[in-house]
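Hello,

Here is the structure I promised to pass on. Please have a look, and my notes follow below.

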Amino acid sequence: MRVTPAGSTSTSPKNPAQEESLTFSSSPRKRVTSRSGVDTPAVQSLPSSDSACPAAVGLRRRGNSSSHEHDAGGSSRGRWAWHSPFLRKPMSVVEGEEEEEKLERRMGLYDLLAVGIGGTVGSGVFVLAGEIANAPDLPAGPSVVLSFAAAGLGCVLSGLSFAELASRIHADGSSYIYAYVNLGEVFAFVAGCCLTLEYGISSAAVARNWGDKLGAWVDHMHPHDASEGSVWHPGSGDATGFFRDFNIYAGAIELVCMCIILRGMNVSKITVNVITIAKLLLVVFMTITGFSFLRPSNLEPFAPSGFRGIFRGGTRCFFGYLGFDEVCCMGGEAKNPSKSIPLAVMGTISVVTVLYILASLALVGMQPFADITPSSGFAEAFRFNNLGWAANTVTAGELLTLPLVVLVSLLAQPRLQYAMAQDGLLPAVFGHVDRNGNLFKGTLIAGTVGVVVALFLPFRALEDVISAGVLIAFNLTNTALVVSRRVHPIRPSANRTLALAFNVLALSACFMWKNLGTILPWLPLNVLVTAAAVVPLVLLHVTCPDHPSQDGHFTTPLVPWVPALGSAFNWFLLTQLSWEGLGLVLAFLGGSLFLYATYGWRNSKGGKTGWMEVLAASVRRHSRHPSEVDPGLIEGLLGEGEGEGGEERLRGGRRGGKEKEGDGGQEGQRQAVQEVQPDLRKAGDMIST
């Protein structure tokens, strides 16, 4: 919004997407028409000032998020009875919440790297390398190293979006908050639900995988009749028995991780750092020992299935990188987030890619790929080379370090819940911070649900659903970056419309290539839909100028092309999942939208109050006369009451200032209002279209 005091010349806005013209008038409570044609209450002309506070005072556009009641006198009172599901959260509100610092910033760069690397390195080394090298349909063989390199490149495309948005938005929530600021409330809610799959449900799934491994080791050490059910032998009993899907070890490790997190961030941080170091040492040991037994003959043929095997392997390798975005969910607790989070995100992807490539090369180098055991590649490869002690070390190390993935995933889930509860989209209990600055109640709830899921749900039932949810959340982040960087000078919603069109067409093209392929009757249609997906990107590039950060923040190159390529890659991976998994994801998304319609939309703070309390608190913090900027004055400035009521509150605020300061009250009130004036000039940041 371009705010123009009467008789002054306005300055050019930095972001045309959120611009509207609002003219200050000396006449009390006149209404003027903005550039978009929406009636906006005029505000009395205020003296200019050079001071500013980070959170802008919001003048919510009445026609966008509230309904109106007109009394006999013609006055208008705003009711927050309805708001658009595409309401966006202004950056001024995010910055105002950041200033409150309910969660202490205790995570340095090393801590963030430990979270990213520790939460990511796992199945890629211990399982995926062997499975892809000796896949039953299209074995990649030694070219599995290229599969990991290709997956790392695809991960970088989405990682760049996370890095830039995290450098700008210093709040918990990762994809959720990025979507809320740039796409709208309903997209943010969907992103939050998808991230719950990656964090909360994924922690239970990894715990279940760990429990299955421990159960297999127990069976090996203490043989048991599988037909007899036993709580200590998961999978025993008949097919319909209780113990068939019950895994006490999985529930136990989930419970242990929850107890560690309940002890507070300092205890969790130390645990993550120590186990991450142990895991890295284990991977380095596996790699160096494997290279010492490398035989060049084992690397031939290098690509037994050609390019198809490499590419198919790359699609599976991608899921070994999931977890790097958990760094962004700690944005509200990171020290110097503008610098540390981008470094942690890109550093995590780089380190993990190098580890995966070297470890997979060591694996295929010390044993012919056709003899690799998919489920435990390194352990069996060491036994193949008569290194039983090394095999036992790897098996024990995997059991000891794999729970770190459970811990990191469960650590991120309460932060996501906290971010959503702050906006009213989840019950307030999820946003409760105890006296020690910990999310005790949110952790307890998330951990309890995780324990139940880990006890009863097999890992195979969750794998595809989790993967699909993560890919959708990644693409919402890519789209959020495109919308934030590419802004139409006249039509604020044009960038979102074009970005949505690209995603729909790209997903359609991926499904068509997956299921129709190059069959001649369908080939022209596949090519046509693929070409149509490029059109919105061209229009974005031509009609929506780029607005990169001017504050030294991390900047992604070639927007919208780089994030769009990342989205296309993610959509392609989504189409590779099973139909059963995709059906479950659709059901999950439908349930998420139902939950939003029945609870989130009705309780949204943005829809009910326009985050007025956050903005008012920010004004008080930054005013040199906080006693004079009382709620009546703030509510009047925010336009929360129109007509006689609003004007009376504005006058009441001024009277309060006079009473507090005596003869100097009017001058003091004028100075307080002067400090609000720069924020009114930035009120365009509050317009949610």
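How many salt bridges does the count come to? Taking a salt bridge as a side-chain nitrogen of Lys or Arg within 4 Å of a carboxyl oxygen of Asp or Glu, the count comes to 13.

Before the details, some ground rules. This is a predicted model, in which local features need pLDDT of at least 70 and side-chain atom pairs count only at pLDDT 80 or more, while totals for chains, interfaces and linings use all residues. Residues are numbered from 1 along each chain as its sequence is written, and side-chain values use heavy atoms, leaving out hydrogens and water.

On confidence: pLDDT (the predictor's confidence in each residue, from 0 to 100) averages 78 over the chain, and 75% of the residues score at least 70. Please be wary of residues 1-80 and residues 636-666, where pLDDT stays under 50. Among the elements (DSSP runs numbered from the N terminus, helices being H or I of at least four residues and strands E of at least two), strand S2 (residues 21-23) has the lowest mean pLDDT, 32, and helix H6 (residues 175-182) the highest, 96.

H6 is also mostly covered, with eight of its eight residues buried (under 20% relative accessible area; exposed is over 50%, partly exposed in between, with a 1.4 Å probe and protein chains only). Its buried residues pack against helices including H2 (91-100), H5 (144-168) and H7 (185-221). Just after H6, Gly 184 takes a positive phi of about 140 degrees.

Back to the salt bridges. Glu 164 and Arg 485 meet at 2.9 Å, N to O. This pair links distant parts of the chain, Glu 164 in helix H5 and Arg 485 in helix H16, 321 residues apart. Both residues are buried, and they belong to a network of salt bridges with Arg 168 and Asp 546.

Glu 398 and Lys 213 form another salt bridge, at 3.2 Å between the closest N and O atoms. Here helix H13 (residues 388-401) is linked to helix H7, across 185 residues. Glu 398 is buried, at 12% relative accessible area, whereas Lys 213 is partly exposed, at 22%.

Within H7, Asp 212 pairs with Arg 208 in a salt bridge, the closest N and O atoms being 3.6 Å apart. The two are separated by about one helical turn because they lie four residues apart in the helix. Arg 208 is buried, at 4%, while Asp 212 is partly exposed, at 35%.

Enjoy exploring!

Key. Contact = heavy atoms within 4.5 Å.
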